[in-house]
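Here is a short note for a colleague who has not yet looked at this entry. Please keep the structure open while reading.

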Amino acid sequence: MGAIRRNLEKGAQPPAWVRWALLVALLGGLGLRLQQLTLQDIWWDEARNIDVALRPFLQVATAPELDIHPPLYFWLLHGWARLVGLHGGMEPAALAFGMRFLSVLAGVAGVVLIYQLGSLAAGPGAGTAAALLGAFSPFWLAESQETRMYTVAFGWLLLAAVAFWQAERGHDHSLRWRAVFVAASAAALLTHYNAVFVLAAWYSWWLAAALLGPRRGAALCTWLWCGLATALLALPVAPIALRQIPGYANPNLVVPSVAGYLRQNWQAYWGGYAFDAAWAGGRGVLWLWGSALLGLGGALAATWQARRAPGMLAFLWAWLLGSLALYYLAVLDRGAFNVRYSSFVTPALYALLGAGLAAWVRVGRLPTLAAALLLLALWPQAVRADLLDARFAREDVSGLARWLAQNAGPDDLILVDQKYPFGFYYARYAMDPAQTPVGAEAAAARYLFVDINTLDQRLNDWAAQAKRVFWVQWFESDTDPRRAVRFLLDQAGRRAGEQEFRGYSVDWWELTPPNRFGLAQGLAPFTAQFPPAVQTVELATPQTPVVAGAPVPVVIRWQRVAGGAVARPLKARVALYAADGARLAQADERLLNDRHLLPAEWAEADRPLNVYLLETEAEWPPGDYTLGLLVYDAETLEPLGAVDAAGAAAGVEVPLAQIRLSAAQP
């Protein structure tokens with residue numbers, strides 16, 4: 001180890017085989033990242049990033065679409081687009097290629113930097129292995145082919161780590177390397193806020209090393225001024241961060257256990273997003289954990305071999321394990337987990353695995369080759385699945401747009417439940433409600449933000465003269481979980497068909513203009529309590545006879561019971577009963593407020609509307625029918641039970657109203 005470091009300090013050239021292997025890693029990594037770069041359509045995250053980056057520079061940082069992201073990546077993407085001449089009116093595939101190419105370049109730069117990191121940690125062999133892992137990693141490949149900030153952030157963190165260790169070696173230009181470390185650390189933080197977990201792990205390790213080292217005072221001073229300088233560089237975006245971060249949470253997500261958290265991360269970082277347990281004749285999971293044992297076992301062996309001066313290997317372990325631990329604490333607090341959000345540990349992981357493969361050389365060439373083959377056995381399959389397997393393909397928005405252009409006419413209206421990326425493939429589309437859609441297509445298309453309190457008026461403004469309305473929904477959409485759009489369109493017209501695309505569904509209705517939409521007409525006070533959770537506030541049911549075969553609309557305004565508490569997801573069932581008590585129809589819907597949160601997260605001031613549409617049959621006899629309401633646990637199906645105005649038990653189902661059905665028209 002000492003000889004390796006002395007050679008590095010002298011600037012010795014690595015052996016020829018290392019140079020050739022590094023060339024293979026660079027060219028192979030670049031070629032792989034360019035492979036099928038435009039096969040996938042632009043998808044939501046990419047479209048948002050492109051849209052923001054193409055705005056004037058001064059508007060980027062204040063764009064509301066930044067959501068939970070700092071602005072540096074968007075500024076870089078803006079500059080890149082200006083440099084190579086990209087603009088929003090381009091053919092989508094050309095725009096996708098140009099924008100994604102920045103991630104490709106960052107991914108290849110990451111291969112160079114991880115070679116440097118691995119070499120500093122355990123010699124050129126470890127650096128070469130790390131570079132090959134970074135070049136052909138299915139996870140890094142996937143991130144390098146999308147217009148997102150992750151490969152850029154990996155590059156900043158790798159540059160910061162290399163600069164830190166160049167300075168720690170007492171290099172002639174130590175101060176310059178410290179400056180690079182500070183700048184790159186700040187850039188990583190300004191590219192993605194989750195880089196803070198890596199910086200926190202670094203500085204914790206550095207503080208411990210400074211306190212235990214021989215030159216404690218000087219080391220602590222350096223630690224302090226580097227930290228302050230990094231914070232000062234990040235300070236200009238503090239107002240943006242304070243606007244974005246404090247309220248960010250998703251209480252509807254399930255927080256994984258520690259074991260589940262580690263399993264999901266390792267599966268993604270080693271097996272890729274497209275990992276399938278059925279690979280290798282159903283031995284995919286065995287390979288996954290065998291790889292962990294071989295790779296991380298080798299990394300532990302390399303650390304043990306360097307135990308008298310573990311320096312950088314200990315730093316890499318702190319980066320990997322410390323960052324994972326800190327991010328998991330954030331997951332527990334905010335409930336927002338995705339493997340890519342913690343992926344800033346992957347440079348440390350691949351560098352450690354490179355050191356682990358190099359450590360196997362001490363055992364012998366044959367065991368080293370066997371270990372490498374076992375570790376990488378399923379990577380070709382993982383890479384192929386990520387690039388070509390249709391099961392893992394992104395949404396087919398181009399096919400959707402073509403079908404709508406061919407089938408929707410000038411008297412029709414297309415409503416889309418997501419802002420992005422529809423407008424990149426369908427020109428006559430408006431995201432802003434105040435804009436008029438302009439383009440070559442026959443039918444106008446609009447983004448519909450579903451505010452249940454104003455939805456009916458929005459449809460009256462846009463669809464009063466429409467002969468058909470097409471409702472486009474993304475497969476992961478939570479825009480209209482109360483299904484208010486369908487509720488209104490089912491009342492106003494006849495559902496005429498549906499069409500499925502990869503990632504999207506289209507339903508359409510035929511209407512007879514002029515159309516009139518009304519969601520909560522005739523709301524009247526009505527109280528039914530289901531303690532300790534919720535109660536009704538207002539109710540609207542049909543006041544005139546409903547023709548048999550037409551749907552029965554019911555609207556209920558809810559609130560939490562004052563002082564009550566509920567920790568479970570709830571559903572409400574509205575049922576239709578015949579005179580003999582037979583239940584003929586029902587509508588079961590989750591109870592949600594206007595932010596789509598479960599009752600446990602409602603404020604006492606919340607008064608959300610929920611809608612229920614009950615289907616009837618044309619052959620049902622005319623007469624009076626009864627509506628009933630029941631609230632139950634969405635998971636156990638246990639009813640809550642109701643109380644009357646005096647607080648006495650009133651069974652589990654509350655009568656709502658009587659309605660009259662009239663005979664269906666022949």
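The points below go from the whole chain to one sheet, one pocket and two cavities.

1. **Status and overall extent.** The model is predicted. The chain has 666 residues. Its C-alpha trace spans about 95 × 60 × 55 Å along the principal axes.

2. **Secondary structure and burial.** The chain holds 23 helices and 16 strands. Of its residues, 53% count as buried. The exposed surface comes to about 29,600 Å², and carbon and sulfur atoms supply 60% of that area.

3. **Contacts along the sequence.** Take the contacts between residues at least 6 apart in sequence: 73% of them join residues at least 24 apart.

4. **The five-stranded sheet.** This sheet is open, and its strands run in the order β10-β16-β15-β12-β13. The pairing is mixed. Two strands sit at the edges, β10 and β13 (583-590), and each pairs on one side only. In general, strands of a sheet pair through backbone hydrogen bonds, either parallel or antiparallel.

5. **Both senses meet at β16.** Strand β16 covers residues 653-662 and pairs in the parallel sense with β10 (residues 546-547), over two bridges. With β15 (residues 623-633), β16 pairs in the antiparallel sense, over eight bridges. Leu661 of β16 is a good place to look. Val546 stands opposite Leu661. Gly623 has Leu661 as its bridge partner too.

6. **The second largest pocket: size and centre.** This pocket holds about 790 Å³ of space. Its lining counts 28 residues, and the closest to the centre are Gly125, Ala126, Leu357, Ala358 and Val361.

7. **The second largest pocket: which elements build the lining?** Four helices give two or more residues each: α7 (124-136), α16 (284-305), α18 (346-360) and α19 (365-376). The most comes from α7, with eight residues. By class, the lining divides into 22 nonpolar, four polar and two charged residues.

8. **How many cavities does the search find?** Across the whole structure there are two of 30 Å³ or more. The largest has a volume of about 40 Å³, and the second largest has about 30 Å³.

9. **Lining of the largest cavity.** The residues around this cavity are Asn194, Phe197, Val198, Ser323, Leu324, Tyr327, Tyr341, Ser342, Phe344 and Val345. Two helices, α11 (195-212) and α17 (311-334), give two or more residues to the lining. The largest share, three residues, comes from α17. Seven of the lining residues are nonpolar, three are polar and none is charged.

10. **Lining of the second largest cavity.** Ala106, Gly107, Gly110, Trp140, Ser144, Thr151 and Phe154 line this space. The helices that give two or more residues are α6 (92-122), α8 (138-144) and α9 (150-168). Here α6 supplies the largest share, three residues. The lining divides into three nonpolar, four polar and no charged residues.

11. **Where to look again.** Three spots merit a second view. At Leu661, Val546 stands opposite, and Gly623 is a bridge partner. In the second largest pocket, the eight residues from α7 are the biggest contribution to the lining. As for the cavities, charged residues are absent from the lining of the largest and from that of the second largest.

Notes
Residues are numbered from 1 along each chain as its sequence is written. This is a predicted model: local features need pLDDT of at least 70, side-chain atom pairs count only at pLDDT 80 or more; totals for chains, interfaces and linings use all residues. Side-chain values use heavy atoms; hydrogens and water are left out. Two strands pair if DSSP finds at least two bridges between them. On a 1 Å grid over the protein atoms alone, a cavity is a set of points where a 1.4 Å probe fits but cannot get out, and a pocket is an open set with protein on both sides within 12 Å along at least five of seven lines; lining residues have an atom within 4 Å of a point. Grid points are joined across faces, edges and corners, and a volume is the space filled by probe spheres set on the points. Ala, Val, Leu, Ile, Met, Phe, Trp, Tyr, Cys and Pro count as nonpolar, Asp, Glu, Lys and Arg as charged, and the others, Gly among them, as polar. Buried means under 20% relative accessible area, exposed over 50%, partly exposed in between (1.4 Å probe, protein chains only). Contact means heavy atoms within 4.5 Å. Accessible areas come from the Shrake-Rupley method with a 1.4 Å probe; for residues, only the protein chains shown count as cover.
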